[in-house]
Amino acid sequence: MSAQAVPSKSRIKFKSSNAPIDKKPRKKIAPMRRQDRWGMLFVSPFFIVFLAFGLIPILFTTYVAFFNWDALGGAPEYIGFANFKELWSDTYFWQALRNTFSIWFISTVPQMTLALGIATLLANPNLRAKVFWRTVLLVPNITSVLAVAIVFQQLFGYDFGMINLAITWLGYHHIDWVGNQLASHIAIATMINWRWFGYNSLIFLASMQAIPRELYESASLDGANRWQQFRYVTIPQLRNTIIFMMIMGTIGGLQVFAEPMLYGGGMTGGDSRQFSTLTLYLFEQAFFNQRYGYGAVIGIAMTVIIIAISVLNYLIGRRIATDGTK
Amino acid sequence: MKRRIALLISLMVALGAGVAAPANAAPVTLTVWSYGNVFQTKLLNAYKAANPTVTIKIKKSDMDSNHQNLRNALRTTSVPDIAALEVSYIGEFRNYDAYFKDLNTMTPSASTIKNDFLGWRWSQGVSPAGKVIGIPTDVGGLAVAYRRDLFAAAGLPTNRTDVAKLWPTWSQFIQTGVNYKKNTGKAFIDTAGTVFAAALNQGTQRYYTSGGSLVYRTNGSVSSAFNTAAQAVTSGNAPGKYEGGIGTKTGQFSSGWGTGLQRGTFAVVLAPAWMLDYIKQQAPRTSGKWDVAKAPGSYGNIGGSQLAIPKNAKNPQAAWDFIRWYLAPAQQLTVFKSYGQFPTIESLYDNSSVTGYKDSFFNNAPIGSIYVASVTGVHNIPTGKKDRIIDTTFGQAISRVMLGKQSSSAAWTQALTDIKKSIGQ
């Protein structure tokens with residue numbers, strides 16, 4: 001009963017609000033149709049969530065960046081661009097940036113290669129128990145990062161880690177997987193790879209299955225072997241997917257946090273910041289050292305870096321895409 | 001949705017309880033934010049049994065996260081009823097006493113129980129303005145837990161009195177470690193860097209004066225503890241190698257640490273009273289092989305917690321009732337006997353059930369009297385706002401020395417720069 005009353009009310013409102021617009025023809029905005037209003041309602045959750053958890057925090061972060069802000073202390077102190085200036089000459093920030101790129105590189109390249117390889121195996125039409133393999137691939141991805149970190153800490157432990165035991169058995173000296181910079185990057189990248197290669201494989205698999213069979217048939221008629229088919233048919237057809245994965249991987253890679261945080265070096269990413277990443281450095285400054293203003297500046301710097309890289313990715317991607325249509 | 005259901009249930013419970021129980025026993029849910037093993041299940045169950053209307057919900061986080069979460073929550077109304085504060089953070093929070101209940105103003109006032117407690121531990125929970133914000137749960141004390149079998153194999157004495165005579169000072173302790181390593185080829189202590197906090201806490205001052213000014217640069221006991229630790233993490237190495245000095249390279253509480261305890265990779269652990277339970281939990285198979293001797297310098301303290309009630313707590317009175325019960329002499333005695341955490345109640349120190357307490361896991365060492373002796377010499381060291389950051393930074397510097405990344409003096413200089421950068425002075 002009451003449900004019927006609501007639309008009739010809104011209809012009256014709709015008509016009355018329509019009237020003044022007719023009188024003023026200068027306004028070029030078309031009156032909103034009824035479906036459009038419903039449409040607005042349906043898209044509004046996104047905008048509300050974006051406003052609450054996206055835009056407002058971004059604006060507030062920018063505001064905080066100009067202050068010396070301590071959570072419990074007195075009133076925040078306005079310090080102008082001092083935080084920004086400090087960041088520019090902060091060697092620890094640049095070190096975190098280098099670490100982030102290093103871990104990103106060590107994790108992305110093998111991850112993509114492995115994912116592509118596994119997707120090719122799974123795309124084989126003669127494969128048995130397909131659903132099983134696909135499910136298995138997703139398991140690492142849904143495992144809690146904490147659990148992953150605990151297991152990997154044991155693998156990479158100095159005295160009793162399985163990997164070091166294997167290395168000693170082969171006759172080499174123990175590797176300090178936490179203290180040594182490159183070794184720590186490799187270990188953290190391995191954690192990331194393990195979590196994400198399965199997910200990436202499935203995305204590759206999905207786009208591989210969208211490649212028309214005819215292309216392979218004609219390729220094999222032309223005498224192309226398996227490898228040549230992969231190189232000259234599969235890879236070019238996957239171009240867009242590869243670009244998409246690269247962009248997503250870059251954004252994710254620049255924000256890597258949980259793995260280095262849980263790896264056992266505390267908030268600084270090890271005794272000489274050997275695996276401190278951008279996000280970890282932000283967290284350390286804001287929540288451990290209580291320099292919320294400085295943390296905000298690091299956040300802004302990260303945003304700028306991520307936007308710059310996304311633009312670069314887009315430009316490269318567009319070029320590859322146009323090359324592909326030739 | 002969940003909250004609504006919870007509300008509905010609590011409403012129903014309230015109605016039900018209203019019929020059965022007197023009106024003053026309305027059901028209360030105490031939210032507690034904690035870390036490590038501050039609260040022991042055995043006692044919580046006893047409290048619940050005696051107070052059926054009280055539900056205690058404990059949210060346990062990692063030590064640093066626990067205090068970060070609390071810091072971010074204190075200005076809001078989403079605070080716990082009880083917050084557990086570690087000694088390395090108490091200096092920070094007691095400087096922000098506006099966010100906590102002054103326990104002197106509660107009923108009954110905290111001043112009525114003050115004299116039961118160990119003086120210097122009590123004053124760690126008092127703000128500069130004299131407000132009492134936290135009641136001490138336990139005191140670390142300091143002793144050395146050692147493996148008798150491994151000491152015998154290395155040709156060292158095994159009797160705890162003779163063992164203590166090996167190391168009246170830290171440099172003799174380190175020398176013992178070097179000899180042990182030479183004789184056995186194995187590490188002496190779990191983590192040599194732990195010497196830093198142990199030596200530092202034997203002084204009268206750390207990073208702050210009692211007036212709150214920073215003295216970490218100039219206080220001689222900080223640099224001297226640093227040098228002692230730097231010596232511990234580099235002594236006994238093969239030439240040109242960095243093997244962790246007299247210790248292993250494995251950090252305490254890491255996964256390798258438990259394995260090391262179990263396998264006897266090292267023979268010694270610097271043990272505040274609460275550490276004994278960790279050893280029991282991590283290495284149950286080594287029962288009876290351990291013993292406990294006096295630490296170098298004979299007294300000391302590492303760790304300890306206090307319980308506080310945030311200003312915006314929803315059930316301050318129920319929280320206060322619980323805290324007073326939980327930290328009363330009888331309960332502290334139970335905690336000591338069951339879990340090894342050492343009481344903060346001074347009258348218990350001449351109680352025969354403490355002084356006569358022995359533990360078979362540690363070869364019937366008179367743990368009670370050892371820790372009584374170790375806590376009574378400790379000075380009232382002033383705590384300060386940035387204690388935890390300074391601790392962490394020095395810890396990393398010592399780790400860099402251990403791994404041969406820096407010389408002791410270069411690590412010290414960098415630590416001072418890093419601290420200045422982090423805390424601004």
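**Exercise 1. What is the area buried between chain B and chain A, and which share of it do carbon and sulfur atoms give?**

Solution. Keep in mind that this is a predicted model. In this model about 2,600 Å² is buried between chain B and chain A, and carbon and sulfur atoms give 48% of that area. Turning to the residues involved, 33 residues of chain B are in contact with 32 residues of chain A.

**Exercise 2. Describe the polar side of the interface of chain B and chain A, and state which helices of chain B take part.**

Solution. Begin with the charged pairs: the rule finds three salt bridges across this interface, and one that can be located by name joins the side chains of K421(B) and E86(A), with N to O at 3.5 Å. That distance satisfies the cut-off, since a salt bridge requires the nitrogen and the carboxyl oxygen to lie within 4 Å. Next, count the polar contacts, of which there are 20 residue pairs between chain B and chain A, both residues being at pLDDT 80 or more. The helices α3, α4, α11 (255–263), α17 (387–402) and α18 (408–423) of chain B each supply at least two residues of the side that touches chain A, and α17(B) gives the most, with six residues. Finally, sorting that side of chain B by class yields seven nonpolar, 14 polar and twelve charged residues.

**Exercise 3. Work out how domain 1 of chain B and domain 2 of chain B meet.**

Solution. First fix the bounds: the domain assignment gives domain 1 as 28–140 + 303–350 and domain 2 as 143–302 + 364–423 of chain B. Over C-alpha atoms, the centres of these two domains are 28 Å apart, while 27 residues of domain 1 are in contact with 23 residues of domain 2. The two domains bury about 2,200 Å² between them, with 56% of it on carbon and sulfur atoms. On the side of domain 1, W120(B), G140(B) and F342(B) lose the most area to domain 2, together 27% of what that side buries. The rule finds one salt bridge across this domain interface, and a salt bridge is formed by R388(B) with D64(B), whose closest N and O atoms are 2.9 Å apart.

**Exercise 4. Is Q281(B) buried or exposed?**

Solution. Start by placing the residue, which is found in helix α12 (residues 273–282) of chain B. The relative accessible area of Q281(B) is 56%, and because exposed means over 50%, Q281(B) is classed as exposed. As a last step, relate Q281(B) to K358(B): the two are 77 residues apart in sequence and 18 Å apart in space, C-alpha to C-alpha.

Notes
Residues numbered from 1 in each chain as written. Chains lettered and ligands numbered in written order. Predicted model: local features only at pLDDT ≥ 70, side-chain atom pairs only at ≥ 80, totals over all residues. Heavy atoms only, no water. Domains from an automatic or database assignment. Contact = heavy atoms within 4.5 Å. Buried area = accessible area lost by both parts, 1.4 Å probe. Helix = DSSP H or I, 4+ residues; strand = E, 2+ residues; numbered from the N terminus. Buried < 20%, exposed > 50% of the residue type's maximum accessible area, 1.4 Å probe, protein only. Polar contact = N/O pair within 3.5 Å; in protein donor to acceptor, adjacent residues only side chain to side chain. Nonpolar A, V, L, I, M, F, W, Y, C, P; charged D, E, K, R; others polar.
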